[in-house]
Amino acid sequence: MARLRLSINDAIYEADARDNWTLNDVLRNVLDLTGTKRSCDYGGCGACTVLMDGLPIYSCVTLATNAEGHRIQTIEGVQQQGELRPIQRAFADRYAAQCGWCTPAMIMASTALLAENTNPSEDEIRDALSGVLCRCTGYGKIILAVEEAAREMRAAAEKGGRP
Amino acid sequence: MTQAPEYAFVGQRVRPANAVAKGTGAHKYTADINLPGMLWVKVVRSPHARARIRAIHTEEARALPGVAAVLTYQDVPDRLWGANPAATQEGERIFSDQVNFVGEAVAAVAAEDLDVLEEAANRIRVEYEPLPMVLDPEQGARPEAVQLHAYGNVVQGAPGQPSGQNKRGDVARGFAEADVVVERTYRQLSVHGVPHEPRGAVAQWDGQRLTVWQSTQQPFMIRNGLAAVLGLAQDQVRVIATNAGGGFGIKNSPSLEGAIVGLVAMQTGRPAKIWYTREEETLDGHVRPGFVHYVKAGVTRDGRITAVQVRSYGDNGYWGGNTDGATGIAIPRDMCVNVMELYNKIANVDWEVYLVRTNHPRAGAYRARGTGEAIFAIECMMEDLASAIGADPCELRLRHAIRTGDQANILKARGFADTKPVTIVAFPDCLAEGQRAIGWERRNREPGSAAGPIKRGIGMAGAIHVAGSTPSLVAECRLTIDAAGGIRLANGHPDQGSELQTTLKQIVAETLRMPMSAISTINADTDECPFDVGPISSGGAFRTGTAAFRATEAAKARAISLAAEMLDQPEGALAIADGQIWLEATNEPLATLAEVAAFAGGTIVGEGRYVGKDEPVYTYGFAGTFAEVDVDVETGGIDVRRLVCAVDVGRALNPEIVEGQIEGGVAQGFGTAMGEGMHYDPRSGATLNQWFLDLKTPTTKDMPRVEAILIEKGNEGHPFGAKGCSEIPLVGVAPAIRNAVFNATGVHVDEIPMTPDRVLAAIAQEATGANGGRAP
């Protein structure tokens, strides 16, 4: 066991972990941050997606020790001051989450996309989300939700407010 | 029902109740439950498709520090899972001394942490004596085959008899009347539903009672099975299955993982958790059985289908995969009876279904059980009959289709003395709206006539499926109004993704004339909720929704009766709205519901039930699925450009949810059509594609946008006119794409999934004039 110091959602967490434990193991089993899911355990489905330094990664194939020194964001840190972000609101309103198992990963991947591009085309959305699989929705309402959130973010930016 | 009534809540696009929690990480699934002092449990699985266990050596595993328990067949109760193992020819134990498929559980270990667990599982040594196997259903159905079971290999079939059959009229006379007879063979692989949360369970034993959290669609069936297999009374077992990360029928199998952690908890006194890997979910969940269908059908030049003869052979695996053990009864019956209800004007039918026991993983329900196993063959057949006589495929279907008020023949096939009238059939509307949306007139008049290597075509398929209305199924709800003004609906229905709790709140709010924010629900907890068979057979909004309406009506009647006594008013003078009792004549509020509940001693309770066999009418759902494709005849690649699915939903209680269910169902149908399917090693019987990417479920880059069309003509079988609609969108997709490929190329691709190699093989085969058919 080694003591890890991890920056997760802008807070420092200390966790005792073995060298072979993945970031997903530590998030779920040590820190009880169970919003991050797993579905396949080998980088095949994307349900475990979190952001590392702003980019989507698969936490089930990332060793926890390799996450030290990086900025990790999980679904638990997406809300700000308890307020839903536009992407979360749009997912809820559009029924883009059915069983919800892929939803945290979809929202993390969408967050990374929208941080770079608040006016993505449908193809750009499909590219950005292609590493996260959904079994319930057929993706149509997920794409609508990302488009809706992007619109809301652009409108807020035009007003000079914070998205 | 021609003019739909106006409602305040029903029919609105209300935001799903659990949607926010799903998007913040707060929604808790079984896999997210971690209890203090909890042990982790892992199953050791068989590498053999059929073998007797000579010995299991567990000493080295038990000696490992941190190992809390080891269980083999020698340590588990000698009891069977299931309510009626004899009647259903099932008889599973938690572990036994024989294995019947690669991946079957043979032992379990429990340990303090996951690393010790892995090591302990590796230290268990099993000596197997391999036995002869059955890996091919058609060969397994022959009398000379190795017999796997005391009842034989053909599930439910007496010697020489099929598992299920549908015989009407006289096919010999029908074929004699035909101008054209078409014979083809249609094949479909076994398919896994791939719910994204692999199954898991957490158990806690307090010395008297066992609590099990489990990722299942059927908490009450699991409770009953757990009690049977563990030797407990049913009221000693509590099952909580509030949220599941997908189900699609795959999570209504016996799921012995709950029994395994239950045993560990009872032996050690500590909470225990198991959570399958994707490999385990694939192997020890269950699949829709794959089938080969030998079809022979006759038609006259003027478009009358004179006879349909089908022989279907399916892969049951060894164990049936349903909590009620009814796989072997339900799938064959629904295949040949339910599906032929759609074309009940075909006078002469002779269909035999052989569901054959093999040494493959379990077969069971997957979204549209029974229909999904058969409709590919029938909808391809309809296309091939239409093209044989130059008829419009939609017109040929409508000429033979079921109509409103026809009798439901399925009830006689299920052993009921009487049939019931079928409620409104909006199948013609599904086809008309689908034709309009896809641009039906643009299809090739002459299949395969387009020039160049990339050929465009349009095709369609019809569909029928139960829409919640099944005689054996029951749902109950209880509405409680308390003296603090709280209104709570208890129901036994897990949220596997259909957000039924939202729809139920809409129904209660509408019936009580209250804002939805005043209403809460509790669901899928066998201690807190009345019985519900769960989300199967498209019954959520239909069965549980009906029970919720009746529970609310019962609570209202009770409240009015109590208020009349309390206020000294005649009952007929009082009404309920906005949480108050009103004097109707003066529109004056007299008391709150909370005050009436206090007068009653604390609560007003209403109970409601849906019991399928007691309902006066029978509800079927219908759909028309239309596809537009480009086929590259040089590579065999199919580009599905558009998918339109028009579904007879009766009335959409929440259109956002109904659309989402249709889109998702179509996506799973697209997967079945284009890439999914289980591949087994023909020598060992081992599954070859148990890992996620090899299951080939569609990604954002594969899936076209689905155009969902809601056909809302009402349904007198439901208080708000709804029909269940979550399963039917799946089943028409594969035949619609196949028929579009035919329209584009003139080539019959008679096997799904329609991978490029199969498309190229079909093109080559038809170039040489070979025919895939065989006399049944």
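Visitor: What makes β26(B) and strand β27 of chain B a pair of strands?

Guide: In this predicted model, β26(B) and β27(B), the latter covering residues 637–648, are joined antiparallel over ten bridges. Pairing requires at least two bridges between the strands, and with ten bridges these two therefore qualify as paired. Asp632(B) lies opposite Gly637(B) of β27(B). Four residues separate the strands of this hairpin, and Gly636(B) has a positive phi near 80 degrees.

Visitor: Which strand besides β27(B) pairs with β26(B), and in what sense?

Guide: Strand β18 of chain B, residues 454–466, runs antiparallel to β26(B) and is joined to it by 13 bridges. Because at least two bridges are needed, the 13 bridges place β18(B) and β26(B) among the paired strands as well. Within β26(B), Phe626(B) faces Met460(B) across the pairing.

Visitor: What shows whether β26(B) is mostly covered or mostly open?

Guide: Of the 13 residues in β26(B), which spans 620–632, 13 are buried. Each therefore has a relative accessible area under 20%. In a regular strand, side chains alternate between the two faces of the sheet. Both faces of β26(B) are covered: Tyr620(B), Phe622(B) and Phe626(B) are among the buried residues on one side, and Ala623(B), Val629(B) and Val631(B) are among those on the other.

Visitor: Why is Tyr620(B) counted as buried?

Guide: The relative accessibility of Tyr620(B) is 0%, and the limit is 20%, so the residue is buried. Tyr618(B), at 2%, is buried too.

Visitor: How many aromatic pairs does the structure hold?

Guide: There are 15 aromatic pairs over all chains. One of them joins Phe542(B) and Tyr610(B), with 5.6 Å between the ring centres and 70 degrees between the planes.

Visitor: Why is the pair of Phe542(B) and Tyr610(B) called edge-to-face?

Guide: Ring centres must lie within 6.5 Å, and planes over 60 degrees apart count as edge-to-face. The values of 5.6 Å and 70 degrees for Phe542(B) and Tyr610(B) satisfy both conditions, so the name applies. This pair links distant parts of the chain: Phe542(B) belongs to helix α15 (residues 540–567) and Tyr610(B) to strand β25 (residues 603–611), 68 residues apart. Phe542(B) and Tyr610(B) are both buried.

Visitor: What is the geometry of Tyr618(B) and Tyr620(B)?

Guide: Their ring centres are 5.1 Å apart and their planes are at 70 degrees, which makes this an edge-to-face pair. Tyr618(B) and Tyr620(B) belong to one aromatic cluster with Phe427(B) and Phe622(B).

Visitor: Why is Cys102(A) not bonded to Cys134(A)?

Guide: The sulfur of Cys134(A) is the closest cysteine sulfur to that of Cys102(A), at 3.8 Å. A disulfide requires the two sulfurs to be within 2.5 Å, so this separation is too far for a bond. Cys102(A) is buried, at 6% relative accessible area. The count of disulfides over all chains is zero. Cys394(B) is likewise in no disulfide, with the nearest cysteine sulfur, in Cys430(B), 11 Å away. Cys394(B) has a relative accessibility of 2% and is buried.

Visitor: Which residues does His196(B) touch, and where is His196(B) found?

Guide: His196(B) is in the loop between β9 (191–192) and β10 (200–205) of chain B. Leaving aside residues up to four places away in sequence, its contacts include Arg38(A), Trp101(A), Cys134(A), Arg278(B) and Phe692(B). Its relative accessibility is 3%, so His196(B) falls under the 20% limit and counts as buried.

Visitor: What covers the buried residues of α1(A)?

Guide: The cover includes β1 (2–8), β2 (11–17) and β3 (49–52) of chain A, and also β13 (272–275) of chain B. In α1(A), residues 23–30, the buried residues include Leu23(A), Val26(A) and Leu27(A). Asp32(A), just after α1(A), has a positive phi of about 60 degrees.

Visitor: Why does the radius of gyration of chain B agree with that of a compact globule?

Guide: For 776 residues a compact globule would have a radius of gyration near 28 Å, and chain B has 27 Å, so the two agree. The C-alpha trace of chain B spans about 85 × 75 × 50 Å along its principal axes. Buried residues account for 66% of chain B. Its secondary structure comprises 20 helices and 29 strands.

Definitions and conventions. Residues numbered from 1 in each chain as written. Chains lettered and ligands numbered in written order. Heavy atoms only, no water. Buried < 20%, exposed > 50% of the residue type's maximum accessible area, 1.4 Å probe, protein only. Rg over C-alpha atoms; globule rule 2.2 N^0.38 Å. Phe/Tyr/Trp six-rings, centres within 6.5 Å; stacked < 30°, edge-to-face > 60°. Contact = heavy atoms within 4.5 Å.
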